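Biologist: I have a new model open on my screen, and I would love a guided tour. Could you take me through it, one question at a time?

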Amino acid sequence: MRKKAGVFSIFSPVLMTLCLYFVFYSRIDSKPNSAGFWFILVLGISVGIALTRFIQWLKEDKK
C-alpha cells in the first residue's frame, strides 16, 4: 500500500516560499533583472502547483 500525503505535505512548498519571502522582503525588488523577480515568480508557481495537488487530493478522497 502506498502512504497518502496529507494536506501539510501539499502546502509545505508554499509555506516555505512564503517564509523566505517574509524574511527577505526588504531586499526584494520586482525588476526583471534582479533575483526578487524570480522569487516572486516561484511563489506564484508554488501556489499553482499546491492548488493543483490539493484538488487532486480532494478527488482521490471521494473515490
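Biologist: Let's begin with Thr17: is its side chain buried or exposed?

Modeller: Happy to start there, and please keep in mind that this is a predicted model. Thr17 sits in helix α1. Its relative accessible area is 11%, and the cut-off for a buried residue is under 20%. Thr17 therefore counts as buried.

Biologist: Which residues is Thr17 in contact with, leaving aside its neighbours within four places in sequence?

Modeller: Close to home in sequence, the Thr17 side chain reaches the backbone oxygen of Pro13 at 2.7 Å. That one is set aside here, as your question is about residues beyond four places. The contacts that remain are Phe39, Leu43 and Ser46.

Biologist: Stepping back, how many helices and strands does the protein chain have?

Modeller: Thr17 has already introduced helix α1, and helix α2 covers residues 35-62. No strand goes with them, as the count of strands is zero. The tally for the protein chain is two helices and zero strands.

Biologist: What distance does α2 reach from its first C-alpha to its last?

Modeller: Helix α2 has 28 residues. At 1.5 Å a residue, the expected span is 40 Å. The model comes close to that value, with a reach of 41 Å.

Biologist: Which residues of α2 are buried, and what does their cover include?

Modeller: The buried residues of α2 are Gly36, Leu43, Ser46 and Ala50. Among them, Leu43 and Ser46 are also in contact with Thr17, a residue of helix α1. That fits with what covers the buried residues of α2, which includes α1.

Biologist: Where is Ser12, and how far is it from Ser46, C-alpha to C-alpha?

Modeller: Ser12 lies in helix α1. Its relative accessibility is 17%, so Ser12 counts as buried. In sequence, Ser12 and Ser46 are 34 residues apart. In space, C-alpha to C-alpha, their separation is 9.5 Å.

Biologist: What is the C-alpha distance between Arg53 and Ile10?

Modeller: Arg53 belongs to helix α2 and is partly exposed, with a relative accessible area of 34%. Beyond its neighbours within four places in sequence, Arg53 is in contact with Ser9 and Ile10. Although Arg53 and Ile10 are 43 residues apart in sequence, their C-alpha atoms are separated by 6.5 Å.

Biologist: And Phe54, which residues does it contact beyond its neighbours within four places in sequence?

Modeller: Phe54 is in helix α2 too, and at 24% relative accessibility it counts as partly exposed. Gly6 is 48 residues away from Phe54 in sequence, yet 9.4 Å away in space, C-alpha to C-alpha. The contacts of Phe54 are Val7, Ile10 and Phe11.

Biologist: Which residues form the nonpolar patch on the surface?

Modeller: One member, Ile49, is in helix α2 and is partly exposed at 46% relative accessible area. In an α-helix, residues three or four places apart point the same way, because there are 3.6 residues a turn. The patch has about 400 Å² of accessible area together, and its members are Trp38, Leu41, Ile45 and Ile49.

Biologist: For the whole protein chain, what share of the residues counts as buried?

Modeller: The accessible surface comes to about 5,400 Å², with 69% of it belonging to carbon and sulfur atoms. Of the contacts with a separation of 6 or more, 52% are between residues 24 or more positions apart. As for burial, the chain has 63 residues, and the share that counts as buried is 17%.

Notes: Residues are numbered from 1 along each chain as its sequence is written. This is a predicted model: local features need pLDDT of at least 70, side-chain atom pairs count only at pLDDT 80 or more; totals for chains, interfaces and linings use all residues. Side-chain values use heavy atoms; hydrogens and water are left out. Helices (H or I, at least four residues) and strands (E, at least two) are DSSP runs, numbered from the N terminus. The expected span of a helix is 1.5 Å times one less than its number of residues. Buried means under 20% relative accessible area, exposed over 50%, partly exposed in between (1.4 Å probe, protein chains only). Contact means heavy atoms within 4.5 Å. A polar contact is a pair of N or O atoms within 3.5 Å; within protein, one must be able to donate a hydrogen and the other to accept it, and residues adjacent in sequence count only if both atoms are side-chain atoms. Patches are made of residues with over 30% relative accessible area and no salt bridge: like charges are joined within 9 Å, nonpolar side chains (Val, Leu, Ile, Met, Phe, Trp, Tyr) within 5 Å. Accessible areas come from the Shrake-Rupley method with a 1.4 Å probe; for residues, only the protein chains shown count as cover. A salt bridge is a side-chain nitrogen of Lys or Arg within 4 Å of a carboxyl oxygen of Asp or Glu.
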